[in-house]
Structures are given as C-alpha cells and as structure tokens.
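Student: Please choose one part of this structure and take me through it closely, as I am new to it. I should then like to see the parts around it in a connected account.

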Amino acid sequence: MQVAPGVYAIRAVSSTAYLIGGVELTLVDTGGPGSARRILSWIRRLEHSPRDLTRVLLTHVDLDHVGALPAMLEATGARVMAHPDALRRIRGGEVPRGERGLSSTWAALRHLFAPVRPLAVGEPIADGAVLPVLGGLEAIWTGGHSPDHVVYFLAQPRLLFSGDLLQVGRGHLQAVPGAAPADRTQTVAALRRLAGLDPLVVLAGHGPPYRDNIALRLVRLAEILEE
Ligand SMILES: [Zn+2]
C-alpha cells in the first residue's frame, strides 16, 4: 500500500516493513522470518530489481522486525544500518528478543555477519544522522522500547517511521516502553522530542498509518507515562 509519494507499507510476517523509493530503494525493517518474498515481490511490482535495494535500516533487533534480514541481504546485497548496540547483538549472534525457539534463521544471519564478511555488512548509524533518502531521512535514537531502538524521520513530508516506540491499535496511537524503569524515562524524552518535529503521519511497526493530531497526542502520551 502506498502511504505517501514513494513510500510503501508492506504487510510482512508479524509486523509492517516500509519501502522507500527513489533511484535506490531503502527498506525500514524486514518483518519476521518468511517476509522476504512479500518484500521482493513489492520491489518487482515497482519495476525495480532486488539489487536496487541498497539500504536496510533497522529500528531495533526484535525478531518480528529483523527475521527476514538474512534472506533480504542475500537477495539484494543491501547494507544494513542500525544502532551500534543492534549491530553488536547481530554480530554477536545474540538471538533477537521475541521467539528464542526460532534460532535457525538467526544462525543464518550469524553466518552472514561472521568475521570473514567485512563490517560493511553493518554500519552503525549515529543519532541525528541524515541519510540521502527522498530529500533527507533522519535517524533518531530513542531507546524506550529497547536500548537499541531508532526511529526514522522523513522531513518531507514529515513521516515518522516509529518502529515499536509507538504502535497503532484500535485507532489509537500508543507508546510501547520496555519493562525497565529507564525505558519509561527514555520513552517520555523521545515522545517530547518527536512532538517537536510535528509529524504528519506515524508509520508504526504495528498498526495502520496514523495521521490524527500527532504532536498533541505524543505530548499527552508522555504526560500519561509520567503520572
Ligand atoms: Zn514489533
């Protein structure tokens, strides 16, 4: 589904992945294991070849967001960009949070990140880094949901790829902090920072696009968490 010019929401296995067009394609998250076919078929539907996908940006290393990463890297040769902690976990072969039984996909990923492959496979992304994607896509470290959590903000037309910091359920925008007290504090800070960007659309890892009074809602969610 096209959600904005050049931006497509792909219903992957267990979460939503986002494909951003242009001469080169960028993917935000990969969905759970088994999602690669759906993503590749979207790439072809847009009259691109898998090799046109040059970047995979990760919001965080939960299995429902990175499960198809090995297959996507294999099919496209794209490079992965993520929070340094996320890359450390991937390179260390740590099984992603979520479903620890599903380790065979992860074993394949470990293989891809093995020392024989140069670090070019994974590049740490700095807080505030702006990537040359559709006029500028900013990476914003948020933590909150998990220590390695990053969201991405497309300045034109103010789209926020929120990963699991925010989700949309039953028509409502919700914050999804992790269990630790620090997660809550980080979530509050992130919500206030993101409110300052005045997003027009939130594209979450779970749930449909959300377009309703976002800045106000983010501030309210921060207040609720602080109560
Ligand atoms: Zn998720």
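**The zinc site and its surroundings**

Tutor: Along the sequence, the residues that donate to the zinc ion follow the spacing D-H-x98-D-x41-H. H65 and H206 form a pair that joins distant parts of the chain, 141 residues apart. H65 belongs to helix α2 (residues 63-66), whereas H206 sits in the loop between β14 (201-204) and α7 (214-226). Helices (H or I, at least four residues) and strands (E, at least two) are DSSP runs numbered from the N terminus.

The model is predicted, so local features need pLDDT of at least 70 and side-chain atom pairs count only at pLDDT 80 or more, while totals for chains, interfaces and linings use all residues. Residues are numbered from 1 along each chain as its sequence is written, and side-chain values use heavy atoms, with hydrogens and water left out.

Which protein atoms hold the donor positions of the zinc ion? They are D64 (OD), H65 (NE2), D164 (OD) and H206 (NE2), at 2.1 to 2.2 Å from the ion. A donor here is an N, O or S atom within 2.8 Å of the metal (3.2 Å for Na, K and Ca); water is not among the atoms, so a site may look incomplete. The angles among the four donor atoms run from 87 to 152 degrees, and the site is irregular. That word covers anything that is not tetrahedral (four donors, all angles between 85 and 135 degrees), square planar or octahedral (four or six donors, opposite ones over 155 degrees apart and all others between 65 and 115). For comparison, the ideal angle for four tetrahedral donors is 109.5 degrees. H65 has a relative accessibility of 0% and therefore counts as buried. Buried means under 20% relative accessible area, exposed over 50%, and partly exposed in between (1.4 Å probe, protein chains only).

The loop that carries H206 also holds N213. N213 is not a glycine, yet its phi is positive, at about 45 degrees. This residue counts as exposed because its relative accessible area is 54%.

On the other side of β14 in sequence, D198 occupies the loop between α6 (181-195) and β14. D198 is partly exposed, with a relative accessible area of 38%. Its C-alpha atom lies 6.9 Å from that of I214, although the two residues are 16 places apart along the chain. Leaving aside residues up to four places away in sequence, D198 touches R158 and A215; contact means heavy atoms within 4.5 Å.

R158 leads to the loop between β10 (150-154) and β11 (159-163), where R158 and P157 are both found. The peptide bond joining Q156 and P157 is cis, with omega about 10 degrees. R158 has a positive phi of about 55 degrees without being a glycine, and its relative accessible area of 28% makes this residue partly exposed.

The largest pocket is lined by M1, A9, I10, R11, T16, Y18, G207, P208 and P209, and about 190 Å³ of space lies in it. A pocket is an open set of points on a 1 Å grid over the protein atoms alone, where a 1.4 Å probe fits with protein on both sides within 12 Å along at least five of seven lines; lining residues have an atom within 4 Å of a point. Its volume is the space filled by probe spheres set on the points, which are joined across faces, edges and corners. Strand β2 gives the most to this lining, with three residues. T16, one of the lining residues, stands in strand β3 and is buried, with a relative accessible area of 15%. Beyond residues up to four places away in sequence, T16 touches A9, I10, A204 and G205.

The strands β2 (7-11) and β3 (16-20) are also among the elements against which the buried residues of α1 pack, together with β4 (25-28), β5 (53-57) and α3 (69-76). Within helix α1 (residues 36-45), the buried residues are A36, I39, L40, W42 and I43. They lie on the same side of α1 because they cover an arc of only 155 degrees around the axis; the arc is that of the directions from the helix axis to the C-beta atoms. The face turned away from that buried side carries the exposed residues R37, R44 and R45.
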